[in-house]
Structures are given as C-alpha cells and as structure tokens.
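Hi,

Here is the structure I promised to pass on. Have a look at it first, and my notes follow below.

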Amino acid sequence: MTLTAPGVFPPPPDRPPGPRVPRHGMASAIAVVLTLSVAYAVGQILYWTAPDIVSPSPWVKIWLLPEPTPFKVTRVLLVVGWCVATLLALALLLTRRRATAATAAPTGDTGSEQAEPMARFDATARPRLTLRACQFGILGALVLPFAVMPLAALGSNLPQLLLCLPTTGAALFLVHRAQLYRRMPGWLLLAGFGWGVLIGGGFGLVMITWFQRYGAGYFLDFQRPRDSIREIYTLFCLNGAVVAEFGKAAGIAVLFLLFRRHIDGVVSGVVVGAAVGLGHNLTETVHYLGFVNPEHHPAQFWDRQVVGLMAAHVAFSALAGAGFGAARWLPERRDRWVAVGGGLLAAVGGHFETDVVLMRLDQSRGEWFSHNETLSLLLGIPLMTVITSGVFVALYVLILRRGLRAQAAGLARALHAEAASGPSGGAAVTGPEVALLLSPARRLLLEMRVWRRDGTAGLRHLVRFQQAQLDLATQRWHRERVGADSFIPDEQQLREKVIDLKGLGGTSGTSEVPARKGLS
Amino acid sequence: MKHGFRLVRLSALAVATALLVLGPSAPASAQCAGPTYHGGLPVRVGACPEGVAGGASGAVWAVVVLAAGLWIAYARSRSRATTDTDLELIDAVFSEAVTETAGDAHGEGEEGLRHAWP
Amino acid sequence: MTHEQEQEQDRDRDRLADEPERGPRPYVRLMAAIGAGGLVAATVAVVVSVSTDPVMQLPESVPTLPSDFSTGDLPTSLPSMPELPSDLPTDYTTNLPTAIPTEDLPTALPSDLLPSFPTDFPSLPSLPEMPSLPQAGGAS
C-alpha cells in the first residue's frame, strides 16, 4: 500500500479518461480536524459569555459542578496542540518551498542530464517524508488532546474495560467479516475503532461538558421554569447527538480522505462507520460503568454491551459511513454532499430521537409488564431499543446487503474476465478458483480446514492470497465504473502481488506439496 | 402508492410513539432505569434485577457462541465433499506455482518470504 | 439449455443485480431518503421532548457538600423571600441536601408545583463560589 501514489494513472486505452477527482486528501482531512477545534473554541466562547446561573434548584444543580480534572487537562493540551500544529505548518511551508526550489533548479550542461533524475529523486524523497511527517504531526497535534477524557475514563476503570473488551472485540470481528468479499486492511478498521474510542468519545465528552456549563445560563428562564427546563433538556440531548455524531463522522471523513484506495463503496463505508461506533460505545459504556455503583454494573452491561451493542451508536455511524462510501463513486460535488449529508442527518436525528424517546419510554416500561422487574429488563429494554433505533439498524443492514450484492455481481464479471484474459490473467486467477472466490461460505470452510492442517501461518497465507485475488478483481470492476478515479491502483501491480503470493508457495506450499506426494 | 404506504406506516409509528410517551408517567422512583446515550452526567440507575441482568448477558453470549459453533460444525459436515475439492484446488494452485519456479534457484523461495504483504 | 446460454443468463442476472451501482448516480436518492428519515426522527424527538418533563437527572453518588456551605451562610445581603405558596416544601431554596438521596426523589416535576411559582420572585445574588469538589463520579 502506498500513501503517496505519484501522478495520475494512465487510463486504459479503450475508455475515455475518467473525471479527475481532486487529490486534496490530506488538506481536507486537516480541515475536518480543524472544525473540531473550532467547535471547541465556540464552546469556550459561549461559556465565557454565558449569564451566571443563580438558581440552586436541584434540577439545575448538575450544571454547577466544578470542572473535572481531565477536562482541565484537555483544555490545556488543546492550546498546546494548536501551537504545535502552527509550528509544524510553518515547517511544512518551509519544506515545501525548499522542495520546489530543488526540483526547479536549473540544469545547465547536457552531461548532468543523466545525473539529474537521481539528484531530483534525492532532493524530493527526503522532503517528501518530512512533508508527510509534518502533515500527520499536524493531524495528531489537533486531535490527540481530545483523547484525554476517554483515556482518563478507561484508565480509572480498567476492570470494567476488560469486562467489555470481549464483547466489543467479538462485534468488531463480526463487522470485519461482514465484508464478505474484499476486505479493507485490518489496521484501517482498527484505526476507525481507535478513533471511536479516543477521539470521537473525547470530542463528544468535551463539548457536552461545555454545554453543561453554559446551557442553563442561556436558557433557564426563571419566569417560566418548567418550559425552560424542558427546553434546556431538549437542547442538551440535541447537543449531545450533534457533537457525538460529528465527532465520529470526523473520524470516518479523515479515514475516507486519507485512504480512499481502501474505502471504496457503501460496504466499506458501513464497516468503518460501525467500527467507529463500536469504539464510541466502548468508551461510553466504561464511562457510565465508572459512574454507577459496582452493584449496578450488570444491568448497564446488559443494556449497552448485549442488547444495544450493534444498535444505537453502531447504527448511527454506520449510516454516516454509508454516505461517505457512496460518495466515492459520485463525480458531481452536489451528489457527494447529498450522500454524506443524508448519512449525517440520519445519524444525528437517530441519536437525538433515541436519547429523548428512550428516556420517556423508560418511565412507563414498568407498566408494560405489570411491574415485573425481570420481564421489564429482559424484554422491555430490547423492546425499547427496537422502537427507538430499530429503523436505523434495519437501514444499515439493508444498505450493507445491497452493497454486498452489487459487489458479488461486479466481482463475478471481473473474475470471469480475469480468468479468461489469457496467460497473464490466468496466472493470477484460474477458472476453477472463480466459484470458490465468489462463495464466502466455501472460503470460510476452506480456511478452517487449512487452519487445522497447516496452522496459523498457512491460514494467514491463504487469506492473504485470496484477498489479493479479490482486490485485483474488485479494482478491475471499479475501473469500469462511472466516476472511476485516480485512487484505483495499477492493475499490473496488483496482479504481480497475487503472483508473488502464489509463487511463494511459502509455508503452506511447502507443506502442501509433501502432503500431496504423500497422498499419491 | 409505495410512498403513500410508507407515509402511513411512518405516521402510524409516530402516533403510537406519541401515545406511548405522552401518557401519564408514573412517579416510580426506585424503578430500574434504561440506558441513556447522551454521555452526560449519569442518570439515576434505580434498583434493577442485577442477577438477572448478569445471567442474561452471559446466557446470550453463550447462546451466540454455541450457535456459531453449531452452524460451523453443521456446514462442515454437510459440505465436506466441496471442501475436499476446494482443498485440492488450492493445493494444485500453489504446487503449480512451486513446480513452475522449481527450475529457478532454491533460494528464491526463502527470499520470497521476506516480500511480505505490506 | 447449452452451457453458454446458461452462462449468458447468469451474466444477465449479475448485470441486473448490481444495477443500483451501475447507474450514473448510485445511492444518491437512497441517502437523501435516509437523511429525510433522520429529519423526521429529530422532529419527533423535539415534539416529545418539549411537551413532556425530563426525567430527573442526578448523579447516583454525589460527595457530601462541605460543611461550611450550610443554610446559615448565605450572604447577608440576600433579600427576604416573599411568602412561598404553602404546597412548596419549605426547605426548597434554603436547605440544600447534604447528600442527594437516590431513592425517593421524584422522577418528574410535579405538575402542580411550578405553575404556582410566584412571577415576581426576586433574583438571587449569585451563589458563593463552591470550593472544588471531587467530581461526581468523574475520573480525575
């Protein structure tokens, strides 16, 4: 995988060149992350200008609690991060200026023409690395301070974290394998998960803390206390929904902008979104478990890690991710905004509605089952979850199914073409393998068989090989689409990769051949 | 027609939710409270049947793991012939490549191991 | 049916199956519809939230307030309160509880309490700055 694929790949000769997609990946990613900082600054300003809260009533008492220490640390670190980012931006400008000066260096005599490409390579390679380092440094400096509050919550509740890891891990594995055909690299999924745990949750917590500190000042009206309390709580839930979903969506956006080569459709979009949602859910669960008495933990675990695991947070950010994934193949900017905006609206609206309606439904949950506590917990909580976020869960499952079906059809065509494309194609994918590659169930059973026979090394090699073949076919399918862009990698490189992995024989090959000899 | 039906379903859901929610609320102070997703300060949790919750969580996960195991075992037993064929196919694919490069230096096999997938 | 005809049929079926992604603008209408659904959900939430009382939101365990913040310590410039209506608890504004009880708090605002709130309630001076308490349940 190359982060810096140079230039535009020449289009295949029998097709007019596709629309040029702007390669503003890193710049746009930094812009997205800057909006998080801007939102934080807005929260700070609103807090400074908020009127004082003068009511000691218990209903607004929670707005008067002092700043938690992690919040204070976050505030300091954010300012530090801004300074670091500014310095790195300056370094970036200097490096870029030096790099362009080096490549624009005048070439005098012809004798040095042969040496020139080498000199240019040397002159641009190191600055390019520095450029990359500066860019990622800026991203990190702007984003990492938000991780303080989740880290504090996770760190001070380690037993609870360990309790939730198996369930979240299993769900993450399920999300990974929900990509029935071509799968994105594991590190990308983990990056999304990590963002959800640290940054998504952190940004949400920071902004919610801000609102708790200024909300009542603006909106509590002593003349109409009841209405204004209703308004404050409505705005509180709305604020929570907006900041949580935008924090998560920012992660999806950054990963999409930086790794468009891998996020190539609604399936990968949903999967990345689901991973971010799972991370956020983990942080929120541990956060809540840390607040309540340990004797109340089982009920919270049931609510958040069993019933609601694939429901609330996962559903909302999966829909946001679907929007980003769909935007990959939309050449028109307006269409891209509609797709992404639709996903975000669904996420925010769903989160807001779930919060509000869940709390109201909860008040009457006891009556549904004649105050039978056991039934109310075992049936009532799932029923409430279905009522509030059922629609959104159904939506993301349907989109996933649709995307997978489209992938299967496209892959079938591409694999048949690849197998039939003569000696070079036949080397990568043989005819009999096509049916195997198109059947996820058969591949799974084969993987288990190979695991038993050749161990983990053999399994890993098989998986890598088949994923390389599927990647080759998927990119071939993508090349024929409307909206095909320059992020589709070079066909020959992918084919060579497959042949490399096949020609290795590797650990499974050397152990398979003796086995065959043994059989014969 | 389809849009109309969807609209009817949506409005029915909205009305049902509204009726459910806007009905008189019981002042049940010790009632077990459901989860909140707004990430704010913790809501009063109330007295939930914790033993039931713990047992149910464990039971659900045990059922899920068991179901997955059973499905895999069933699939394996049912399609054993297909898996055998697939295994032979994969063996053939790899051994073909090995015999193709058998003519080259043996060291290439070891070298290839270093070109791991990035 | 010959093998080629079967293959042709399969390919036709495949072509139809990935029809949603073959079009020039795949998923645009679907995402717009999903966004509209989100908007509907948000509207429902606003309507519900503004027309019903919120659930009482108090931390499960709050540290006891420091002892010097007792009822007698309100600033002397506090104007005398007007006569509160009789159905208000008498310690409503003057006696902050030392530890929030978790069991017997009302979960909804009593409907007959606030409408009878006097409209000319004088504004209280701002509370003395509370000394920094350990954060309720928060990690430090």
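A salt bridge here means a side-chain nitrogen of Lys or Arg within 4 Å of a carboxyl oxygen of Asp or Glu. Keep in mind that this is a predicted model. By that criterion, A:Arg495 and A:Glu491 qualify, with their side chains meeting at 2.9 Å, N to O. Both sit in helix 17 of chain A, four residues apart, so about one helical turn separates them. As for exposure, A:Arg495 is buried, at a relative accessible area of 7%, while A:Glu491 counts as partly exposed at 24%.

That pair doesn't stand alone. Salt bridges with shared partners link A:Glu418, A:Arg476, A:Arg479, A:Glu491 and A:Arg495 into one network. Searching the whole structure turns up 19 salt bridges over all chains.

Going round the network, next comes A:Arg476, which also forms a salt bridge with A:Glu491; there the closest N and O atoms are 3.7 Å apart. A:Arg476 belongs to helix 16 of chain A and A:Glu491 to helix 17 (residues 491–504), so this pair ties together parts that are 15 residues apart in sequence.

What else does A:Arg476 meet in a salt bridge? The other partner to look at is A:Glu418, at 2.7 Å from N to O. This one reaches further back along the chain: A:Arg476 is in helix 16 (residues 440–479) and A:Glu418 in helix 13 (residues 373–420), so parts 58 residues apart in sequence are tied together. A:Arg476 counts as buried because its relative accessibility is 17%, which falls under the 20% cut-off. A:Glu418 is buried too, with 0% relative accessibility.

Now for the loop between helix 16 and helix 17 of chain A, where you'll find A:Asp485. Is A:Asp485 buried or exposed? It is buried, with a relative accessible area of 9%. Its side chain makes a polar contact of 3.0 Å with the side chain of A:Arg328. A polar atom of that same A:Asp485 side chain also lies 3.1 Å from the backbone nitrogen of A:Phe487.

Helix 12 of chain A is worth a scroll as well. It runs over residues 333–368, and at 1.5 Å a residue its 36 residues should span 52 Å; the end C-alpha atoms are 49 Å apart, which agrees. There is a bend along the way, though: a kink of about 40° is centred on A:Asp362. Of the 36 residues in helix 12, 27 are buried, so the rest of the structure largely encloses this helix. After helix 12 comes A:Ser370, which has a positive phi, near 50°.

Last, a word on chain B. UniProt, in an unreviewed entry, gives residues 54–74 of chain B as a "transmembrane region". In the model that span is 100% helix and 0% strand, and its end C-alpha atoms lie 30 Å apart.

If you want one place to start, try the network that joins A:Glu418, A:Arg476, A:Arg479, A:Glu491 and A:Arg495, then go on to A:Asp485 in the loop between helix 16 and helix 17 of chain A.

Cheers

Methods: Residues are numbered from 1 along each chain as its sequence is written. Chains are lettered from A and ligands numbered from 1 in the order in which they are written. This is a predicted model: local features need pLDDT of at least 70, side-chain atom pairs count only at pLDDT 80 or more; totals for chains, interfaces and linings use all residues. Side-chain values use heavy atoms; hydrogens and water are left out. Helices (H or I, at least four residues) and strands (E, at least two) are DSSP runs, numbered from the N terminus. The expected span of a helix is 1.5 Å times one less than its number of residues. The bend at a residue is the angle between axes fitted to the seven residues ending there and the seven starting there. Buried means under 20% relative accessible area, exposed over 50%, partly exposed in between (1.4 Å probe, protein chains only). A polar contact is a pair of N or O atoms within 3.5 Å; within protein, one must be able to donate a hydrogen and the other to accept it, and residues adjacent in sequence count only if both atoms are side-chain atoms. UniProt positions are given in the numbering used here, feature names are shortened, and annotations may be inferred rather than shown by experiment.
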